Amino acid sequence: MSSAASFTILIIGGGVAGLAASIGLRRKGHKVLVLESSTTLQTLGGSLLIPPNAARVLDSYGLWEKFKASETIPVGNTTFRYQDGKVLEEVEYAAMEGAFGYPVMAPSRAKYQRLLYDAAIELGVQVRLSSRIKSLEEGTACVTLTTGETVRGDIIIGADGIKSKVRREILRDDDVQPVPESIAYQCNISGGDMRSDPLTAPLMGGGAIHSWYGPSRQMICGPDSSSSVYRMTLIFYPNSTLSSEDILAANSSSSYRLGSIQSLRDCVKDFELRVRKFASLVKPEDCFLWKIAHLPKLKSWVSESGKVAILGDAAHAMVPHLGAGAATAVEDGAVLAECLSHAQFTSDIPKLLQTYEKIRRPRVERIQATALITGQYKVMPDGPAQVKRDEKMAQRMDKANPRYEYWKAGGGLEWLYGYDFMKEQVAQEIDGSTSESEGEIRSGHKL
């Protein structure tokens with residue numbers, strides 16, 4: 001359904017956040033140009049979760065069936081204790097689909113981005129690679145590229161990540177720095193190598209996601225949809241027992257770089273035998289380090305002129321322990337598009353961008369805080385608190401528990417997975433915003 005007004009919208013950043021937003025905005029009838037600094041689409045990075053709340057948005061865009069056709073739906077997520085491989089928890093994604101209408105999908109970042117890119121191009125979104133921003137003028141909604149070219153629009157949306165240039169323009173002297181939280185190894189292990197060993201071969205079957213909880217470390221792993229690789233992410237909180245080589249590397253200016261195979265193996269030397277085995281299969285060229293950080297609360301997501309706004313990691317980068325970062329970015333784009341669909345005049349833009357921020361802030365700040373707490377929950381040191389956690393998880397997974405089916409379906413996260421961008425606050429907030437503006441003298445022009 002097209003908007004009452006059509007704007008030219010510049011989106012800075014062609015990752016998942018920017019491309020998903022471009023689709024939502026284009027479907028509302030806007031002219032959308034995505035400016036991406038890199039020369040190619042993303043190829044690095046591990047899996048990204050698409051939980052029910054994000055799947056609901058993709059389905060509203062007519063894309064869910066394409067995603068399902070391109071990626072096997074995991075059967076669920078099994079969590080093990082690090083030392084002995086004891087099962088702590090099993091969540092079934094079929095049960096989640098019954099509860100929330102959609103299962104969980106876990107495509108690679110590259111596949112996720114490619115699917116969104118193809119959909120955006122098909123809709124008529126213009127995507128320009130190798131388009132690095134040199135400067136931005138928020139008062140006139142124009143950007144200057146490093147080539148000297150000036151590009152103008154009615155609205156600029158910053159989807160340029162945790163180190164956002166657009167955010168700096170909005171906040172200026174009040175801009176913030178990312179807060180370091182942990183470090184991750186991201187590795188792809190040959191599926192053939194995994195299947196060749198009787199210890200690791202079973203991990204390639206069944207299509208499940210596997211997690212391990214240990215002191216100061218957690219892992220999330222699983223085969224890709226083609227079973228050609230086993231994706232491994234090991235998250236750790238640096239301390240005196242970890243290699244200074246990788247701590248220094250992860251604290252360098254680069255967010256993503258090769259790590260030390262030996263340091264990786266040292267990190268799991270007290271894990272169960274299966275983990276130690278597949279860690280030994282990682283090749284040096286497939287061992288990457290990723291700095292994990294988050295953003296504190298921002299003063300504003302919208303510029304003084306009301307013509308520039310941010311979304312995704314640029315606005316609310318979060319740690320990955322809920323698997324919610326990409327999903328919240330997808331939600332952002334849907335809510336933004338819905339807000340702007342109520343514009344009749346250019347003078348409506350500032351109020352509707354502020355409405356977008358007002359709607360999104362409480363939810364994403366809750367998710368940010370919960371993700372930080374969840375990370376600590378997963379990496380408790382051995383001791384009474386950890387024993388209590390494990391016992392609680394075991395009780396939930398006891399089939400004799402009257403609420404077993406509830407917990408198996410991701411119980412406790414209804415507020416996260418059940419979110420519907422069209423049925424929550426959006427319509428009410430927009431109606432309030434537009435009714436307030438009806439009595440104002442409009443200085444803009446109808447498009």
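Which residues line the largest cavity? Keep that in mind while you work through these exercises.

**Before you start**

You're looking at a predicted model, where local features need pLDDT of at least 70, side-chain atom pairs count only at pLDDT 80 or more, and totals for chains, interfaces and linings use all residues. Residues are numbered from 1 along each chain as its sequence is written, and side-chain values use heavy atoms, with hydrogens and water left out.

**Exercise 1. Find the cavity and describe its lining.**

Step 1: Get the idea. Rolling a probe the size of a water molecule over the atoms shows where empty space is left. Here, a cavity is a set of points, on a 1 Å grid over the protein atoms alone, where a 1.4 Å probe fits but cannot get out; lining residues have an atom within 4 Å of a point. Grid points are joined across faces, edges and corners, and the volume is the space filled by probe spheres set on the points.

Step 2: Search. The whole structure gives one cavity of 30 Å³ or more, and the volume of the largest cavity is about 30 Å³.

Step 3: List the lining. You should find Pro296, Lys297, Leu298, Trp301, Ala315, His316, Arg361, Glu365 and Gln368.

Step 4: Sort the lining by type. Four residues are nonpolar, two polar and three charged. (Ala, Val, Leu, Ile, Met, Phe, Trp, Tyr, Cys and Pro count as nonpolar, Asp, Glu, Lys and Arg as charged, and the others, Gly among them, as polar.)

Step 5: Match the lining to helices. These are DSSP runs (H or I, at least four residues; strands are E, at least two), numbered from the N terminus. Both α11 (313-316) and α13 supply at least two lining residues each, and α13 gives the largest share, three residues.

**Exercise 2. Follow the salt bridges through Arg361 and Glu365.**

Step 1: Recall the principle. Side chains of opposite charge can pair when their charged atoms come close. The cut-off: a side-chain nitrogen of Lys or Arg within 4 Å of a carboxyl oxygen of Asp or Glu. The structure holds 25 salt bridges.

Step 2: Start at Glu365. Its salt bridge with Lys297 has the closest N and O atoms 4.0 Å apart. This pair links distant parts of the chain, 68 residues apart: Glu365 sits in helix α13 (residues 349-378), and Lys297 in the loop between β15 (287-294) and β16 (308-310).

Step 3: Check how open Lys297 is. With a relative accessible area of 62%, Lys297 is exposed. (Buried means under 20%, exposed over 50%, partly exposed in between, using a 1.4 Å probe and protein chains only.)

Step 4: Move on to Arg361. Glu365 also forms a salt bridge with Arg361, with 2.7 Å between the closest N and O atoms. Glu365 and Arg361 are four residues apart in helix α13, so about one helical turn separates them.

Step 5: Take one more link. Arg361 forms a salt bridge with Glu357, again with the closest N and O atoms 2.7 Å apart. Arg361 and Glu357 are also four residues apart in α13. Both are buried, Arg361 at 14% relative accessibility.

**Exercise 3. Compare the expected and actual spans of α12 and α14, then work out which residues are covered.**

Step 1: Use the rule. The expected span is 1.5 Å times one less than the number of residues.

Step 2: Try α12 (residues 325-340). Its 16 residues should span 22 Å, and the end C-alpha atoms are 23 Å apart, which agrees. For covering, 16 of its 16 residues are buried.

Step 3: Try α14 (residues 384-396). Its 13 residues reach 19 Å from first C-alpha to last, close to the expected 18 Å.

Step 4: Look for a pattern in α14. Gln386, Arg389, Asp390 and Met393 are buried. Seen down the axis, the buried residues fall within an arc of 95° (taken from the directions from the helix axis to the C-beta atoms), so they line one face of the helix. On the other side, Pro384, Lys388 and Gln395 are exposed.

**Exercise 4. Place two residues with positive phi.**

Step 1: Know the background. Most residues other than glycine have a negative phi.

Step 2: Check Arg172. Its phi is positive, about 55°, and Arg172 lies in the loop between α6 (165-171) and β10 (179-190). At 48% relative accessibility, Arg172 is partly exposed.

Step 3: Check Ser216. Its phi is near 65°, and Ser216 lies in the loop between β11 (209-214) and β12 (217-223). Ser216 is partly exposed, at 27% relative accessible area.

Note on methods: 1 Å grid on protein atoms, 1.4 Å probe; cavity = no way out; pocket = protein on both sides within 12 Å on 5 of 7 lines; lining within 4 Å.
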